[in-house]
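Reader: Got a minute? I'd like to go through this one with you.
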Amino acid sequence: MEKEIFHFFTALVEKVAGISFSPGKEYLVESRLTELALSLGYKDVKSLYQAVIKKGIDHKLINDIIDALTTNETYFFRDYHPFEVLRIHIFPELFKKKVDEKRINIWSAACSTGQEPYSIAMLLLEYFPHYLQNYKISILATDISKKCLEKAKMGIYNQIEINRGLPVTFLVKYFKQEGNHWHIDEKIKRFVKFERINLLEASKKLFERFDLILCRYVLIYFSEEAKKRVIVDLWKMLNSGGYLFLGGTEILAITFPDTIKKILNNTICYYKK
Ligand SMILES: C[S@@+](CC[C@H](N)C(=O)[O-])C[C@H]1O[C@@H](n2cnc3c(N)ncnc32)[C@H](O)[C@@H]1O
């Protein structure tokens, strides 16, 4: 892929979504954009680039490019341990702390195709059913990718997706099989509200505050500048007494005077004093 074309598309995605592609990722970018170019009727990425230079670029194409260049890898109960920490430590603590208010706000920021927020919903329904009658619990799940959100909202997964991380007891209890696919139960779906939100704009779009934020395996793809900007915003949107979880390989790029790093069951999370 020509340097100029690589630079054009990656600079666009970095500006809009914060995602940074280092040199060396030309092959990855080219193969993902080739698929997009062909689907739009161009013969290759170069023709797509030439058309953009000539005619300009609209919102739809920007979104298509972002959809093509984001990594959407996810699975149910990803890494297992963080969900054990939620079950054993965090939810019991939050339910206790919120005994007067009886409201808990959860945000799965960068939820991809929905496995993360649905895992949280299943966990709550399975282990804390008695609290659910008295507490108002909301799970907001957001992502920049339209394609991912469409799939997430449907809550329909194929056998390979089901085989990744979902305990069989949960499969039997919370999914219905139709042909080769599994449909998540309405009572799980009801818990989760999906919204399209770019993390770089989240603080301007969301006015609620959260007791638990999961922002996992997305900041690893961001430029240092975007990463810091998002961390500052996430921290602002976290209630005091709340928790932030990042992916297993990620660390908080900035710490604040009210940050306490906790290690629970081999999982790092960040508590806001
Ligand atoms: C690798 S997936 C991680 C999904 C899930 N959090 C997990 O841990 O399994 C990363 C997700 O981040 C989303 N993403 C990338 N840049 C984003 C941005 N600027 N704002 C919101 N979501 C973004 C992608 O669309 C993708 O679905």
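Author: We can take the domains, then the sheet, the helices and a few single residues.

Reader: Fine. What kind of model is it?

Author: It is a predicted model.

Reader: How is the protein chain divided into domains?

Author: There is domain 1, residues 3-69, and domain 2, residues 81-272. Their C-alpha centres lie 30 Å apart. Ten residues from domain 1 and eleven residues from domain 2 make the contact.

Reader: How much area do domain 1 and domain 2 bury between them?

Author: About 800 Å². Carbon and sulfur atoms account for 51% of that.

Reader: On to the sheet. What is the order of the strands, and is the sheet open?

Author: It is an open sheet of seven strands, ordered 6-2-1-7-8-10-9. The pairing is mixed. Strand 6 (192-196) and strand 9 (259-264) are the edge strands, each pairing on one side only. On average, neighbouring strands are turned by 20° against each other, direction ignored.

Reader: How many bridges join strand 7 to strand 8?

Author: Five. Strand 7 covers residues 210-215, strand 8 covers residues 238-246, and the two run parallel. One of the pairs is Leu214 with Phe245, the latter in strand 8.

Reader: Which strands does helix 13 touch?

Author: Helix 13 (residues 224-237) packs on the sheet and touches strand 1 (103-109), strand 7, strand 8, strand 9 and strand 10 (267-272). Its direction makes about 140° with that of strand 8.

Reader: Lys227 is in that helix. Buried or exposed?

Author: Lys227 does lie in helix 13. Its relative accessibility is 17%, and the cut-off for buried is under 20%, so Lys227 counts as buried.

Reader: What does Lys227 touch?

Author: Leu219, Phe222 and Ala253, leaving out residues up to four places away in sequence.

Reader: Switching to helix 6. What is its reach from first C-alpha to last?

Author: Helix 6, residues 115-127, reaches 18 Å with 13 residues. That is close to the 18 Å expected at 1.5 Å a residue.

Reader: Why call helix 6 largely enclosed by the rest of the structure?

Author: Because eleven of its 13 residues are buried. Among them are Gln115, Glu116, Pro117 and Tyr118. Leu123, Leu124 and Leu125 are also on the buried list.

Reader: And helix 4? How many of its residues are buried?

Author: Eight of eleven, leaving helix 4 mostly covered. The buried residues include Leu61, Ile62, Ile65 and Ile66. Asp64 and Asp67 are buried there too.

Reader: Which helices do the buried residues of helix 4 pack against?

Author: Helix 1 (3-17), helix 2 (26-39), helix 3 (45-55) and helix 8 (146-154).

Reader: Last topic, backbone oddities. What is the phi of Phe77?

Author: Positive, about 50°, although Phe77 is not a glycine. Phe77 sits in the loop between helix 4 (59-69) and helix 5 (81-97). Its relative accessible area is 8%, so Phe77 is buried.

Reader: What about the phi of Ser112?

Author: Near 50°, a positive value in a residue other than glycine.

Reader: Where is Ser112 found?

Author: In the loop between strand 1 and helix 6. Ser112 is buried, with a relative accessible area of 6%.

Reader: Good. Which features should I keep in view?

Author: Keep the open, mixed sheet of seven strands, with helix 13 packed on it. Add the two domains, and the positive phi values of Phe77 and Ser112.

Methods. Residues numbered from 1 in each chain as written. Predicted model: local features only at pLDDT ≥ 70, side-chain atom pairs only at ≥ 80, totals over all residues. Heavy atoms only, no water. Helix = DSSP H or I, 4+ residues; strand = E, 2+ residues; numbered from the N terminus. Expected span 1.5 Å × (residues − 1). Buried < 20%, exposed > 50% of the residue type's maximum accessible area, 1.4 Å probe, protein only. Pairing = 2+ DSSP bridges. Axes fitted to C-alpha atoms, helices over the stretch in contact; angles between N-to-C directions. Contact = heavy atoms within 4.5 Å. Domains from an automatic or database assignment. Buried area = accessible area lost by both parts, 1.4 Å probe.
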